[in-house]
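Here is an informal walk through a few spots in this fold. Have a look at the sequence and structure, then read on.

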Amino acid sequence: MNDKDLGLPRPKKYEGEQFTVEDYKTEEYAEARTLEEAIAIRGAKAFLRDVTPDDFLDDSPLGVKKIGIADLWSESTWEEGETERDVDLERSAASLKEGDLLEVRPCSEDISEWGYRFHLADGSTVPYEPYHDYDDQLFQKALENLNGGEWLACRVREVSCFGEDGIEDDPEFCWRVYSCKVTVCRGGSTRA
């Protein structure tokens, strides 16, 4: 069954950044003393590339502060004819729309290797994780710095789907990646 028959978006070809951990050894990150510093440099560069003038508008409700932007992702892979496609996961990932609010809730690393998960207002989880190491760094630091009564949330900016049915090395391998760009906010006792 194809994406349209399943009620899923048609994937676009991914033409974004190709980055590996080896890239941290290049001249671009030579001034970093630690891997954490190199990740922060890469995150700052990504912020400058992705930030828009609207990100600087003071349009948040009282008690809510924008603290950054991040990319989240959810992936689904399968072998044509051998492994079942996880359509429910893909539908959940594709269900997000611009403007949706995701709560970032700490959890045990037994539940999520990241130590946090993303939830809709009704409490249901969405199958997203931080996309880049610098996105995780932003969430980890923000969660560590929350004071009593404060919370962390993300406002969805955009959702995209990338993927292919068959790749050069393995014509039976199929993949989808749902990318969710968000504005990260920190708030007090009043929810956004």
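## A loop residue out in the open

Let's start with aspartate 169, which is found in the loop between strand E5 (151–167) and strand E6 (170–187). Keep in mind that this is a predicted model. Is aspartate 169 buried or exposed? With a relative accessible area of 75%, aspartate 169 is exposed, because the cut-off for that label is over 50%.

Aspartate 169 and leucine 143 are 26 residues apart along the chain, and their C-alpha atoms are separated by 40 Å.

## Two serines in strand E1

Now to strand E1 (residues 64–79), where serine 74 has its place. Serine 76 is found in strand E1 as well. Serine 74 counts as buried at 3% relative accessibility, and serine 76 also counts as buried, at 3%.

What does the side chain of serine 74 have for polar company? One of its polar atoms lies 2.7 Å from the backbone oxygen of proline 127. Leaving aside residues up to four places away in sequence, serine 74 touches Leu89, Ala93, Pro127, Tyr128, Arg176, Val177 and Tyr178. For serine 76, the polar contact is with the side chain of glutamate 90, at 3.1 Å and from side chain to side chain. With the same sequence neighbours set aside, serine 76 touches Asp86, Leu89, Glu90, Cys174, Trp175 and Arg176. So Leu89 turns up in the contact lists of both serines, as does Arg176, by the contact rule of heavy atoms within 4.5 Å.

## Leucine 96 and its surroundings

Leucine 96 is found in the loop between helix H3 (87–94) and strand E2 (101–106). Despite the loop setting, leucine 96 is buried, with a relative accessible area of 3%.

Which residues does leucine 96 touch, not counting those up to four places away in sequence? They are Leu102, Leu120, Val126, Tyr128, Val156, Val159 and Cys180. Leucine 96 also sits 9.9 Å from arginine 157, C-alpha to C-alpha, with their positions 61 residues apart in sequence counted as the separation.

## Rings around phenylalanine 19

On to the aromatics: the count comes to eight aromatic pairs. One of them is phenylalanine 19 with tyrosine 24, an edge-to-face pair with 4.9 Å centre to centre and 70 degrees between the planes. Phenylalanine 19 is partly exposed, with a relative accessible area of 24%, while tyrosine 24 counts as buried at 10%.

Why is the pair of phenylalanine 19 and tyrosine 29 edge-to-face? Their ring centres are 6.3 Å apart and their planes stand at 85 degrees, and edge-to-face needs planes over 60 degrees apart. Phenylalanine 19 lies in the loop between helix H1 (3–6) and H2, and tyrosine 29 lies in the loop between H1 and H2, so the pair ties together parts that are 10 residues apart in sequence. Tyrosine 29 counts as buried, at 5% relative accessibility. Taken together, ring pairs link Phe19, Tyr24 and Tyr29 into a cluster.

## A nonpolar patch

Over on the surface, Phe47, Leu48 and Phe56 form a nonpolar patch, with about 350 Å² of accessible area together. Phenylalanine 47 lies in helix H2 (residues 35–50) and counts as partly exposed at 30% relative accessibility.

## Salt bridges

How many salt bridges does a search of the whole structure find? The search finds 12. Among them, glutamate 22 pairs with lysine 25, the closest N and O atoms being 3.5 Å apart. Glutamate 22 counts as partly exposed at 47% relative accessibility, whereas lysine 25 is exposed, with a relative accessible area of 67%. Arginine 49 and aspartate 50 also meet through their side chains, at 3.4 Å from N to O. Here arginine 49 is exposed at 52% and aspartate 50 is partly exposed at 27%.

The side chains of glutamate 103 and arginine 105 form a salt bridge too, at 2.7 Å from N to O. Glutamate 103 counts as buried at 10% relative accessibility, and arginine 105 as partly exposed at 31%. Elsewhere, salt bridges that share partners join Asp3, Arg85, Glu90, Asp165 and Arg176 into one network.

Key
Residues are numbered from 1 along each chain as its sequence is written. This is a predicted model: local features need pLDDT of at least 70, side-chain atom pairs count only at pLDDT 80 or more; totals for chains, interfaces and linings use all residues. Side-chain values use heavy atoms; hydrogens and water are left out. Helices (H or I, at least four residues) and strands (E, at least two) are DSSP runs, numbered from the N terminus. Buried means under 20% relative accessible area, exposed over 50%, partly exposed in between (1.4 Å probe, protein chains only). A polar contact is a pair of N or O atoms within 3.5 Å; within protein, one must be able to donate a hydrogen and the other to accept it, and residues adjacent in sequence count only if both atoms are side-chain atoms. Patches are made of residues with over 30% relative accessible area and no salt bridge: like charges are joined within 9 Å, nonpolar side chains (Val, Leu, Ile, Met, Phe, Trp, Tyr) within 5 Å. Accessible areas come from the Shrake-Rupley method with a 1.4 Å probe; for residues, only the protein chains shown count as cover. A salt bridge is a side-chain nitrogen of Lys or Arg within 4 Å of a carboxyl oxygen of Asp or Glu. Rings of Phe, Tyr and Trp (its six-membered ring) pair if their centres lie within 6.5 Å; planes under 30 degrees apart count as stacked, over 60 as edge-to-face and the rest as tilted.
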